[in-house]
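Me: I am new to this structure and should be grateful for a close look at a single part of it. Please choose one place and explain what surrounds it, step by step.

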Amino acid sequence: MATDIEDALHAVDASAVMRLLPRRPELLALGEPTHGEDALLDLRNELFRQLVKQEGYRTIAIESDCMRGLVVDDYVTGGAGTLDDVMAHGFGHGFGASAANRELVGWMRTFNDGRAAQDRLRFAGIDGPLEITGAASPRQALTALHRYLSAHADRHLLPCTAETLDGLLGADDPWVDSAAMTDPARSVGQSAEAARLRLIADDLVAVLDEQAPHLIARTSRDDRDRARLYGRTATGLLRYHHWMAEASPARMARLLGVRDSMMAANLLALAERGPARPALVHAHNGHLQRPKSSMRMWEGPVEWWSAGALVSARLGEGYAFVATALGTLPHRGVGAPPPDTVEGLLYALPKERCLVDARQLATVITDMRPEPRESPWFGYAPLDPAHLTASDGLVFVKDVSRR
């Protein structure tokens with residue numbers, strides 16, 4: 001049995017990944033089973049550097065605030081500022097504190113030095129301006145979209161003035177009240193002002209679409225792409241805040257679904273750039289997998305369709321997903337996996353890390369019926385053996401130690 005499993009194992013490198021795929025996808029996603037482990041991010045960096053150099057990938061997108069990501073993109077494409085400022089202000093979820101993320105941003109800037117604009121490596125955040133404790137105010141995205149349209153389209157087409165928009169938005173503090181995550185009554189997402197803002201956001205996005213020929217002639221591709229990002233973010237945030245204020249049993253499922261639909265929209269926008277500018281994506285396995293995602297929260301189990309599932313449904317072979325699984329995470333109390341789990345079977349082999357042909361492995365171990373692994377730490381999500389056949393590959397890291 002061990003020999004059969006070893007036949008499904010390969011080196012973790014770009015050429016081995018591409019051999020698992022029917023063609024070079026527009027979006028190639030690498031998942032992780034936990035956040036904040038620089039040892040796993042080091043492996044990501046190494047693999048992504050190879051894919052950029054050997055396969056022509058020209059965007060690196062990660063699970064971070066899409067609005068803040070614009071700061072990183074400006075920097076890596078040659079903009080002003082310092083790496084310290086970019087790491088402090090360009091990431092969500094605290095990811096700017098990661099040494100591996102810092103190394104990635106620094107390498108992207110160096111890679112772009114002296115390159116023509118069309119060949120530069122770009123950066124993107126795919127997540128909304130969201131944290132586990134709540135969501136940002138829609139102010140930044142809404143006002144940026146309004147400002148773009150005011151400057152480049154007929155102002156009479158806009159649903160309101162900047163002053164009206166500012167008055168409806170009000171102070172930011174009620175929007176970002178963290179207590180609203182567990183108490184819907186604290187949310188302003190279903191106020192009369194929020195309802196009107198949703199209509200205004202919808203109208204602004206409609207004007208952006210309706211005026212496309214004019215805007216294409218008048219503004220740059222980057223400016224239009226950013227305006228579309230502002231529109232997606234504004235409408236997504238207002239929808240998210242609406243469900244923050246909802247007391248129904250569907251509340252958490254809708255919040256998680258809205259978040260991943262925002263991620264999916266950002267990924268599809270990257271895919272629109274076409275085969276000439278394919279993108280590498282890094283996020284949690286749960287956001288990138290094709291099967292339905294699930295999580296146990298304080299209100300009980302919740303299920304939703306991930307960004308990867310939504311994007312895969314649209315792009316087919318244009319989307320590829322390689323999951324990551326691990327053996328041990330000692331500093332988090334995660335010890336050696338039980339031998340009757342997928343992680344346990346791989347852990348018993350001598351390789352410290354490997355790329356697994358996930359579908360071949362699933363065939364080899366079908367009769368074994370491996371059990372799902374249980375994690376003693378909430379921050380690590382073990383591999384679901386039933387998901388192997390829905391993955392294009394699996395990176396396995398035997399022992400993940402603190403960097």
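Reply: A polar contact is here a pair of N or O atoms within 3.5 Å, where, within protein, one atom must be able to donate a hydrogen and the other to accept it; residues adjacent in sequence count only if both atoms are side-chain atoms. The model is predicted. The part chosen is S187, which lies in the loop between α8 (162-169) and α9 (192-210).

S187 has a relative accessible area of 14%. Because the limit for a buried residue is under 20%, S187 counts as buried. Its side chain takes part in two contacts with backbone atoms. One is with the backbone oxygen of H241, which lies 3.4 Å from a polar atom of the S187 side chain. The other is with the backbone nitrogen of G189, reached at 3.0 Å. Setting aside neighbours within four places in sequence, the residues in contact with S187 are A180, H241, M244 and A245.

Two of these partners, H241 and M244, lead to helix α11, which spans residues 221-244. The axis of α11 comes within 9 Å of that of helix α12 (residues 251-271), and the two cross at roughly 175°. Angles over 145 degrees count as roughly antiparallel, and α11 and α12 are therefore roughly antiparallel to each other. M244, a partner of S187, is also one of the α11 residues that meet α12; others on the α11 side include L229, L237, Y240 and W243. The α12 side includes L255, V258, M262 and A265. By class, ten nonpolar, three polar and five charged residues make up this contact.

Helix α11 also has a link to helix α4 (residues 69-76). Six of the eight residues of α4 are buried, namely G69, L70, V72, D73, Y75 and V76. These buried residues pack against α11, and also against β3 (59-65), α5 (83-89), α6 (99-112) and β4 (122-127). After α4 comes G78, with a positive phi near 105°.

Three of the buried α4 residues, V72, Y75 and V76, are touched by V105, as are L83, V86, M87 and F91, not counting residues up to four places away in sequence. In the largest nonpolar core, which has 45 residues, V105 is among those that touch the most other members, together with L28, L51 and I60. Helix α3 (residues 38-55) gives the most to this core, with six residues.

How values were computed
Residues are numbered from 1 along each chain as its sequence is written. This is a predicted model: local features need pLDDT of at least 70, side-chain atom pairs count only at pLDDT 80 or more; totals for chains, interfaces and linings use all residues. Side-chain values use heavy atoms; hydrogens and water are left out. A nonpolar core is a set of buried Ala, Val, Leu, Ile, Met, Phe, Trp, Tyr and Cys residues joined through side-chain atoms within 4.5 Å. Buried means under 20% relative accessible area, exposed over 50%, partly exposed in between (1.4 Å probe, protein chains only). Helices (H or I, at least four residues) and strands (E, at least two) are DSSP runs, numbered from the N terminus. Contact means heavy atoms within 4.5 Å. Axes are lines fitted to C-alpha atoms, for helices over the stretch in contact, and angles run from 0 to 180 degrees between N-to-C directions. Angles under 35 degrees count as roughly parallel, over 145 as roughly antiparallel, 65 to 115 as roughly perpendicular and the rest as oblique. Ala, Val, Leu, Ile, Met, Phe, Trp, Tyr, Cys and Pro count as nonpolar, Asp, Glu, Lys and Arg as charged, and the others, Gly among them, as polar.
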